[in-house]
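Some labels on a structure rest on a number and a cut-off. Here is how to check them, one label at a time.

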Amino acid sequence: MKKTLSVNGVIHEMELDPRTTLLDLLRETLDLTGTKKGCDHGQCGACTVHVDGKAVLSCLQLAATLDGNVTTIEGIGTEDAPHPIQEAFLKHDAYQCGFCTPGQIMSALSCINEGNAGASEEIKRTMSGNLCRCAAYKNILAAIESARDVMEAQK
């Protein structure tokens with residue numbers, strides 16, 4: 001089927017199998033490999049991206065059903081101008097092996113933007129769908145709290 005999709009602000013017109021997941025479209029068709037394929041069952045959060053600003057598990061989302069704007073880890077900052085959440089992950093050593101980091105960052109950004117980054121317990125609850133094999137949860141929490149403060153100060 002023919003599909004037009006906006007990814008990171010770029011319009012893509014393509015032919016795709018209607019069974020193609022957003023994750024496979026991003027990684028295999030658009031060569032945006034920052035989004036990771038973890039469990040492929042929606043249980044680890046490694047594939048988290050934003051659709052119209054909301055965090056979604058791209059392994060469970062069929063690309064053919066989308067009409068909104070997709071933002072991946074490649075779309076939130078640059079090497080020269082990283083997003084505050086990316087800087088916070090570096091500052092607080094919240095990336096460890098790095099496999100889950102893109103999904104963690106995208107979920108963390110959604111957590112902050114949706115107003116769910118108040119108390120530590122609220123952040124933990126909101127981020128509970130993202131697994132870290134290295135158990136860097138304490139550092140991830142510190143990074144989210146730090147980025148939240150920076151982002152609020154920039155408003």
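**Checking the labels**

Q: Why is D17 called partly exposed?
A: D17 has 32% relative accessibility. Buried means under 20% and exposed means over 50%, with partly exposed in between. So D17 counts as partly exposed at 32%. Keep in mind that this is a predicted model.

Q: What makes the pair R19 and D17 a salt bridge?
A: Their side chains meet with N to O at 2.6 Å. The cut-off is 4 Å, between a side-chain nitrogen of Lys or Arg and a carboxyl oxygen of Asp or Glu. The pair R19 and D17, at 2.6 Å, is within it.

Q: Is R19 buried or exposed?
A: R19 has 66% relative accessibility, so R19 counts as exposed. The cut-off for that label is over 50%.

Q: Why is K3 called buried?
A: K3 has 9% relative accessibility. Buried means under 20%, so K3 earns the label. K3 is found in strand β1, residues 2–7.

Q: What makes K3 and D67 a salt bridge?
A: The closest N and O atoms of D67 and K3 are 3.5 Å apart. The limit is 4 Å, and the pair K3 and D67 is within that limit. D67 lies in the loop between β4 (54–57) and β5, while K3 is in strand β1, so the pair ties together parts that are 64 residues apart in sequence.

Q: Is D67 buried or exposed?
A: D67 is exposed, because its relative accessible area is 75% and the label needs over 50%. Its partner K3 is buried, at 9%.

Q: Which backbone oxygens does the side chain of K3 reach, and how do you know that they count as polar contacts?
A: The side chain of K3 reaches the backbone oxygen of A64 at 3.3 Å. The backbone oxygen of L66 lies 2.2 Å from a polar atom of the K3 side chain. The distance limit for a polar contact is 3.5 Å. Both distances are within it.

Q: What else is in contact with K3?
A: Leaving aside neighbours within four places in sequence, the contacts of K3 include H12, E13, M14, L16 and T65.

Q: How many salt bridges does the whole structure have?
A: A search finds seven. One of them joins D40 and K37, with the closest N and O atoms 3.8 Å apart. The limit is 4 Å, so the pair D40 and K37 counts. D24, K37 and D40 are linked in a network of salt bridges.

Q: Why are D40 and K37 called partly exposed?
A: D40 has a relative accessible area of 34%. K37 has 33% relative accessibility. The label covers values between 20% and 50%, so it fits D40 and K37.

Q: Which residues of helix α1 are buried, and what covers them?
A: In α1 (residues 22–29), the buried residues are L22, L23, D24, L25 and L26. Their cover includes β1, β2 (10–15), β3 (48–51) and β5 (69–71).

Q: Which residues have the most contacts inside the largest nonpolar core?
A: They are I85, F89, I140 and I144, in a core of 24 residues. The elements that give two or more residues to this core are α2 (84–91), α3 (101–113) and α5 (137–154). A second, separate core of 16 residues includes L16, L22, L25 and L30.

Conventions
Residues are numbered from 1 along each chain as its sequence is written. This is a predicted model: local features need pLDDT of at least 70, side-chain atom pairs count only at pLDDT 80 or more; totals for chains, interfaces and linings use all residues. Side-chain values use heavy atoms; hydrogens and water are left out. Helices (H or I, at least four residues) and strands (E, at least two) are DSSP runs, numbered from the N terminus. Buried means under 20% relative accessible area, exposed over 50%, partly exposed in between (1.4 Å probe, protein chains only). A polar contact is a pair of N or O atoms within 3.5 Å; within protein, one must be able to donate a hydrogen and the other to accept it, and residues adjacent in sequence count only if both atoms are side-chain atoms. Contact means heavy atoms within 4.5 Å. A nonpolar core is a set of buried Ala, Val, Leu, Ile, Met, Phe, Trp, Tyr and Cys residues joined through side-chain atoms within 4.5 Å.
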